[in-house]
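Could you take me through this model and show how each label is earned? I'd like to see the values set beside their cut-offs.

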Amino acid sequence: MKNIIKKADIILFLFLILLGIVLTVASLVGGSDTNTVVVKVDGKVYGTYSISKDQTIKIEKDDHYNLIEIKDGKVKMAESNCHNQLCVKQGAISSGNMPIVCLPNRVIVNISGEEDDIDVITR
């Protein structure tokens, strides 16, 4: 029986495997630094912050306050003086799929700058 796999086939196979590894590493290295946390108060942008830098933002307006914490690539509402505390109970988010909303204090925290995963395609 003839030799079905030739030396050129082996070289092509190894080249494709190496190319796949390089592309995978390149896609994992780039990315998340472009994401920003956008904070809106009363529908207006209060500030934009890097999600890769750990920090705490305090928002004070009238008798209301919110304490937003950015840590380890996630953002959460650490404290709020609203009566229902739903924004604090929501926990941390790491993608732009669901914002943190404090309706009584009119504060919205969202992550932008990333390409969101597609949930549904319609025709």
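**Hairpins and labels**

Q: What do strand 3 and strand 4 form, and which residue in the turn has a positive phi?
A: They form a hairpin with two residues between the strands, and D62 in the turn has a positive phi of about 55°. A word on the basis: this is a predicted model, in which local features need pLDDT of at least 70 and side-chain atom pairs count only at pLDDT 80 or more, while totals for chains, interfaces and linings use all residues. Residues are numbered from 1 along each chain as its sequence is written, and side-chain values use heavy atoms, with hydrogens and water left out.

Q: What makes a stretch a helix or a strand here?
A: Both are DSSP runs numbered from the N terminus: a helix is H or I over at least four residues, and a strand is E over at least two. By that rule the chain comes to two helices and seven strands. Along the sequence, the pattern reads α-β-β-β-β-β-α-β-β.

Q: How do you know that strand 3 and strand 4 pair, and in which sense?
A: Pairing asks for at least two bridges found by DSSP between two strands. Strand 3 and strand 4 have seven, in the antiparallel sense, so they count as a pair. One of the partnerships is K61 with H64 in strand 4.

Q: How many bridges join strand 4 to strand 5?
A: Six bridges join them, and the two strands run antiparallel. I68 stands opposite M77 in strand 5. These two strands also make a hairpin with two residues between them, where D72 takes a positive phi near 55°.

**Strand 1 and its partners**

Q: Which strands pair with strand 1?
A: Strand 2 does, in the antiparallel sense over six bridges, and so does strand 7 (residues 107-112), also antiparallel over six bridges. V39 has G47 as its bridge partner in strand 2, and V38 has N110 in strand 7.

Q: Why does V38 get its accessibility label: buried or exposed?
A: The cut-offs are relative accessible areas, with buried under 20%, exposed over 50% and partly exposed in between (1.4 Å probe, protein chains only). V38, in strand 1, has 15%, so V38 is buried. Its C-alpha is 6.6 Å from that of Y49, eleven residues apart in sequence. For the chain as a whole, 22% of the 123 residues count as buried.

Q: Which labels go to D42 and G43, and why?
A: Both belong to the loop between strand 1 and strand 2. D42 has 26%, so D42 is partly exposed; G43 has 63%, so G43 is exposed. D42 takes a positive phi of about 55° although it is not a glycine. G43 comes within reach of a distant part of the sequence: G43 and R106 are 63 residues apart, with their C-alpha atoms 7.7 Å apart.

Q: What is notable about phi of Q85, and why is its label what it is?
A: Phi of Q85 is near 60°, a positive value in a residue other than glycine. Q85 lies in the loop between strand 5 and helix 2, and at 23% relative accessible area it is therefore partly exposed.

**Rings and empty space**

Q: What makes K58 sit over the face of Y65?
A: The rule wants NZ of Lys or CZ of Arg within 6 Å of the ring centre and within 35 degrees of the ring normal. K58 lies over the face of Y65 at 5.2 Å from the ring centre.

Q: How many cavities are counted, and what volume does the largest have?
A: A cavity is a set of points on a 1 Å grid over the protein atoms alone where a 1.4 Å probe fits but cannot get out, and lining residues have an atom within 4 Å of a point. Points are joined across faces, edges and corners, and the volume is the space filled by probe spheres set on them. One cavity of 30 Å³ or more is counted, and the largest has about 40 Å³.

Q: Which residues line the largest cavity?
A: The lining is V41, I59, E60, K61, H64, Y65, N66, N105 and V107. Strand 3 and strand 4 are the elements that give two or more residues to this lining.

Conventions: 1 Å grid on protein atoms, 1.4 Å probe; cavity = no way out; pocket = protein on both sides within 12 Å on 5 of 7 lines; lining within 4 Å.
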